[in-house]
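Subject: Structure handover

Hello,

Here is the structure I said I would pass on. My notes on what was found follow below it.

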Amino acid sequence: YAEGADLIADTVRIPIQKEFVIEDGVSVTLEELSTNELEQRIGYHIEGSSTYIVMVQAEDDTGRKIQFSTRRFDGRNGDGYMQNEEMTDGGRIADNAGSVSLTLYATKLPEESGQMSHDYVQIGETIEVDIP
């Protein structure tokens, strides 16, 4: 059980500010990685009208692999965030990690069936982010 004020005070915010361009010319900027006792998330911004959904595969320098999946996206042009879905199973960036590599992937949203495709394609190069 965590107090809201304590949780906010213990949240570490790490700026990323790295832009990627998806196949349709839309830009995705990974803005920040935030981590606390209850969650780890990556905030992002999409500029332009996109029919893609994004996720990040991460690996910290201790060898832990983590997946951040889109949890919220405001429209086809705007802000969203991806959340570490494996937090409850011990799949979090290690507390003693000094860096984490992030690889962005995207897949097209379904146009007719409503069935999500899981054919994610890597976008750009993997980036390294230092953790203070």
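To start with one contact between charged side chains: Arg71 and Glu85 meet in a salt bridge, with 3.4 Å from N to O. This pair links distant parts of the chain, since Arg71 sits in strand S5 (residues 65–73), while Glu85 sits in the loop between strand S6 (78–84) and strand S7 (99–108). The two residues are 14 residues apart. Glu85 has a relative accessible area of 37%, so it counts as partly exposed. Please keep in mind that this is a predicted model.

Salt bridges

The count of salt bridges comes to four. Another one of them joins Glu32 to Arg13, where the closest N and O atoms are 2.9 Å apart. Glu32 belongs to strand S2 (residues 27–35) and Arg13 to strand S1, so this salt bridge ties together parts that lie 19 residues apart in sequence. The two partners can be described by their accessibility: Glu32 is partly exposed at 26% relative accessibility, whereas Arg13 is exposed, at 53%. A further salt bridge is formed by the side chains of Glu39 and Arg41, at 2.9 Å from N to O. Arg41 is partly exposed, with a relative accessible area of 24%.

The sheet

How are the strands ordered in the open sheet? The eight strands run S1-S2-S3-S6-S5-S4-S7-S8, and their pairing is antiparallel. At the edges are S1 and strand S8 (121–130), each of which pairs on one side only. From one strand to the next, the twist averages 25 degrees. Within this order, strand S3 (residues 40–47) pairs with S6 in the antiparallel sense, over six bridges. Gly43 stands opposite Tyr81, which is in S6.

A residue in strand S1

Is Ile16, in strand S1 (residues 12–21), buried or exposed? Its relative accessibility is 14%, and buried means under 20%, so Ile16 counts as buried. Leaving aside neighbours within four places in sequence, Ile16 is in contact with Leu30, Glu31, Glu32, Leu33, Ile42, Leu102, Ile127 and Val129. One of these, Glu32, is also the salt-bridge partner of Arg13. Another, Ile127, is 111 residues from Ile16 in sequence, yet the two are 9.2 Å apart in space, C-alpha to C-alpha.

Regards

Notes:
Residues are numbered from 1 along each chain as its sequence is written. This is a predicted model: local features need pLDDT of at least 70, side-chain atom pairs count only at pLDDT 80 or more; totals for chains, interfaces and linings use all residues. Side-chain values use heavy atoms; hydrogens and water are left out. Buried means under 20% relative accessible area, exposed over 50%, partly exposed in between (1.4 Å probe, protein chains only). Contact means heavy atoms within 4.5 Å. Helices (H or I, at least four residues) and strands (E, at least two) are DSSP runs, numbered from the N terminus. Two strands pair if DSSP finds at least two bridges between them. Axes are lines fitted to C-alpha atoms, for helices over the stretch in contact, and angles run from 0 to 180 degrees between N-to-C directions.
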